Protein chains: 2
Amino acid sequence: MKLSEGTEWAIHCCSLLANLPPDFALPKSRLAEFFDLPEDYLAKFLQELSRAGLVKTSRGPGGGYQLAKPAGQINVLEIVQAVEGDQHFFQCTEIRRCGPSGVADKHYKKPCGIARTMHRAEAAWRAELAAVSLNEISQMGAEESPQEQIEKSLSWFESVM
Amino acid sequence: MKLSEGTEWAIHCCSLLANLPPDFALPKSRLAEFFDLPEDYLAKFLQELSRAGLVKTSRGPGGGYQLAKPAGQINVLEIVQAVEGDQHFFQCTEIRRCGPSGVADKHYKKPCGIARTMHRAEAAWRAELAAVSLNEISQMGAEESPQEQIEKSLSWFESVM
DNA sequence: ATAAAACGGACATATCATATCCGAATATAA
DNA sequence: TTATATTCGGATATGATATGTCCGTTTTAT
């Protein structure tokens, strides 16, 4: 059980977008270049961020992706769910109802203890992610980047804008 | 991102084993019958429970699977990890090091903020699962089963022992 | 008009989940 | 000793999902 790579890409991209000047849009070609990712595949995830309302897009020359909201108003869970969908990790197939001891569906009033336990754990996972804003992510990124990387980022950015 | 069905099966099987009299072993054929599952495939997961030391096995006539420890000393996380492996959901591919702003590996001292955030969330998930013992699972199962199911279980059990 | 860009669908490939089968090892009982 | 019941591990098949590429359409700035 593994999250898709797209999740990592999407968070990094959002964090990069959070550092751009307002009203500046970055096209997928630049985002892919910055992280050395396959452009067309990355586009899939960017489109999902767009559908989820986390980024806004503009077409045509000078267009691209920007955050749709201030980075403080986006949390990591939203990004993860935009990419992964909102399926539960654990999908109960109700095997308690099968086999020689199973009885008619109507007798099972609520989810079984196993499903409740698994879902509570998922809720804890989600809560941790929801508690971290994109702002914090981008700030951590800035703090922990080697000085040389920050300089290279800035000069890359000047070359593209 | 989805847990395998084997996880659900394994927890249910362990819960069933928790209700057996001591020194009674249930073969995979009976376990598969009880939940109406494909026997050979179920066996894969039972073997993983065995490798993880959660169940013990005995071969030959009268053999089968039993819990290796009292149900109070097994928690749900152990069962899940036996089946799913202990891979992280989030596997950081360090894309921060790639592209035009990346610098030499030696400059990155610790995991990035994104990886730390994702791992903290996973830790919360694990903690919830580790906090629930197989004993509690099996007790919930007993409490929430329709009366008719309990009776059918007992009579099935008498027919196999 | 031209070029730059997102968008969406079609397609190809790779990896993993699901499933089945079989032979070998092991243990019990007749 | 033989027959039978069982776990164990490897080989193989199939299906679903993740990964990746390509192309035609739409939108928009210049």
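## Surface near DNA strand D

Helix 3 of chain B contributes four residues to the surface near DNA strand D, the most of any element. Here, near means that a heavy atom of the residue lies within 4 Å of the strand. Helices (H or I, at least four residues) and strands (E, at least two) are DSSP runs, numbered from the N terminus. This is a predicted model, in which local features need pLDDT of at least 70 and side-chain atom pairs count only at pLDDT 80 or more, while totals for chains, interfaces and linings use all residues. Residues are numbered from 1 along each chain as its sequence is written, chains are lettered from A and ligands numbered from 1 in the order in which they are written, and side-chain values use heavy atoms, without hydrogens and water.

Around DNA strand D there are 25 residues, of which Ser4(A), Tyr41(A), Arg59(A), Lys28(B) and Lys44(B) come nearest. Of the strand's atoms within 4 Å of the protein, 62% are in sugar or phosphate, and the rest are in bases.

## Polar contacts with the strand

Polar contacts are pairs of N or O atoms within 3.5 Å. Two phosphate contacts come from chain B: a polar side-chain atom of Thr57(B) is 3.0 Å from a phosphate oxygen of DNA strand D, and one of Tyr65(B) is 3.2 Å from a phosphate oxygen. In the side chain of Lys44(A), an N or O atom lies 3.5 Å from a base oxygen of the strand.

## Relation of the two chains

A turn of 180° with a shift of 0.0 Å along the axis lays chain A on chain B with an RMSD of 0.1 Å, superposed by least squares on the C-alpha atoms of residues with pLDDT of at least 70 in both. This is the relation of a two-fold axis. The C-alpha of Trp125(A) is the one in chain A nearest the axis, at 2.6 Å.

Notes
A polar contact is a pair of N or O atoms within 3.5 Å; within protein, one must be able to donate a hydrogen and the other to accept it, and residues adjacent in sequence count only if both atoms are side-chain atoms.
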